[in-house]
Amino acid sequence: EFHSTGNTLDGFTAQSGHSNCQSWLQDCLAYGQSPSSDTRDPDSFQLFLSLLACQLKKQPSLWTQLKGRFFSRFNRRRMQELNCTGLERFGSLFLVLSNCCDLHDVPRHMCRLVMQVPITEVPRQQVVWRALFASALLLDKRKESISTTILPSLESLFKTAVEHTLASSGNSLQSGSTLSSVYW
């Protein structure tokens, strides 16, 4: 069931401490740059993302060698098995790759993969939405269109959420007001 506790997207926070999709994107954009004044100790995954971003920025041709390896590691079954933390790490990896390597191909693959995640659980649904919005923000930041990469996935998820909400509620008027409070 699709539920939201507020009238805004403020509830779309990550367990990793990101208050919203914009802060998630900013953290991913910071990987591979000079050491920040962040006082948190990075975990092994954050170190991996930093090293990956540094190497891909130094050697852009490396991406052509690694591309198939990254994309082949994710399939329908693995995507369905990811918990929220796994989905967040997946999103961070693909945001870093989008920023460093390929602004069009990587988000397209990310969208294809997140559409295979069953979003019956609200926390997983929130991570998927935030990953798509963070990718849209990255494309917008680079003055690129989201119409062929992110928008079809957002439309599909929204349609699914609307259909699920309408089907789970006997009162279509009440469902409509619930949806408007969730999305607007």
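This briefing walks through confidence, helices, aromatic pairs, a buried serine and the cysteines. Keep in mind that the model is predicted. Its mean pLDDT is 81, with 78% of the residues at 70 or more. The aromatic side chains are a good place to look, with eight aromatic pairs in the structure, while a search for disulfides comes back with zero.

**Confidence**

- Helix α5 (residues 84-100) is where confidence peaks, at a mean of 94, and helix α9 (residues 172-183) is where it bottoms out, at 49.
- Residues 1-15 have pLDDT below 50, and this stretch makes 35 contacts in the model once near neighbours in sequence are set aside.
- Residues 178-184 are also below 50, and here the count beyond near neighbours in sequence is 17 contacts.

**Helices α4 and α7**

- Helix α7 runs over residues 122-141, which is 20 residues. At 1.5 Å a residue it should span 28 Å, and its end C-alpha atoms are indeed 28 Å apart, so expectation and model agree.
- Just past α7, Lys143 adopts a positive phi of about 60°.
- Glu81 belongs to helix α4 (residues 76-81). Its relative accessibility is 53%, so it counts as exposed, the cut-off being over 50%.
- Glu81 also sits 8.2 Å from Val117, C-alpha to C-alpha, although the two are 36 residues apart in sequence.

**Aromatic pairs and the cluster**

- Among the eight aromatic pairs, Trp63 and Phe71 meet edge-to-face, with 5.8 Å between centres and 85° between planes.
- Both partners of that pair are tucked away: Trp63 has 6% relative accessibility and so counts as buried, and Phe71, at 11%, counts as buried too.
- Phe74 and Phe90 make another edge-to-face pair, at 5.0 Å centre to centre and 70° between the planes.
- That second pair joins distant parts of the chain, 16 residues apart: Phe74 is in the loop between α3 (62-72) and α4, and Phe90 is in helix α5.
- Phe74 and Phe90 are both buried.
- These four residues belong to one aromatic cluster, made up of Trp63, Phe70, Phe71, Phe74, Phe90 and Phe94.

**Ser98 in helix α5**

- Ser98 is found in helix α5, the helix with the highest confidence.
- With a relative accessible area of 3%, Ser98 is buried, since the limit is under 20%.
- The Ser98 side chain reaches the backbone oxygen of Phe94 at 2.7 Å, and Phe94 is itself a member of the aromatic cluster.
- As a reminder, an α-helix has 3.6 residues a turn, so residues three or four places apart point the same way.
- Beyond neighbours within four places in sequence, Ser98 is in contact with Leu103, Val106, Pro107 and Leu138. Of these, Leu138 falls within the residue range of helix α7 (residues 122-141).

**Cysteines**

- No disulfides turn up anywhere in the structure.
- For Cys54, the closest cysteine sulfur is in Cys100, and at 8.3 Å the two are too far apart for a bond, because a disulfide needs the sulfur atoms within 2.5 Å.
- Cys54 has 26% relative accessibility, so it counts as partly exposed.
- Cys111, by contrast, is buried, with a relative accessible area of 3%.

Terms used:
Residues are numbered from 1 along each chain as its sequence is written. This is a predicted model: local features need pLDDT of at least 70, side-chain atom pairs count only at pLDDT 80 or more; totals for chains, interfaces and linings use all residues. Side-chain values use heavy atoms; hydrogens and water are left out. pLDDT is the predictor's confidence in each residue, from 0 to 100. Helices (H or I, at least four residues) and strands (E, at least two) are DSSP runs, numbered from the N terminus. Contact means heavy atoms within 4.5 Å. The expected span of a helix is 1.5 Å times one less than its number of residues. Buried means under 20% relative accessible area, exposed over 50%, partly exposed in between (1.4 Å probe, protein chains only). Rings of Phe, Tyr and Trp (its six-membered ring) pair if their centres lie within 6.5 Å; planes under 30 degrees apart count as stacked, over 60 as edge-to-face and the rest as tilted. A polar contact is a pair of N or O atoms within 3.5 Å; within protein, one must be able to donate a hydrogen and the other to accept it, and residues adjacent in sequence count only if both atoms are side-chain atoms.
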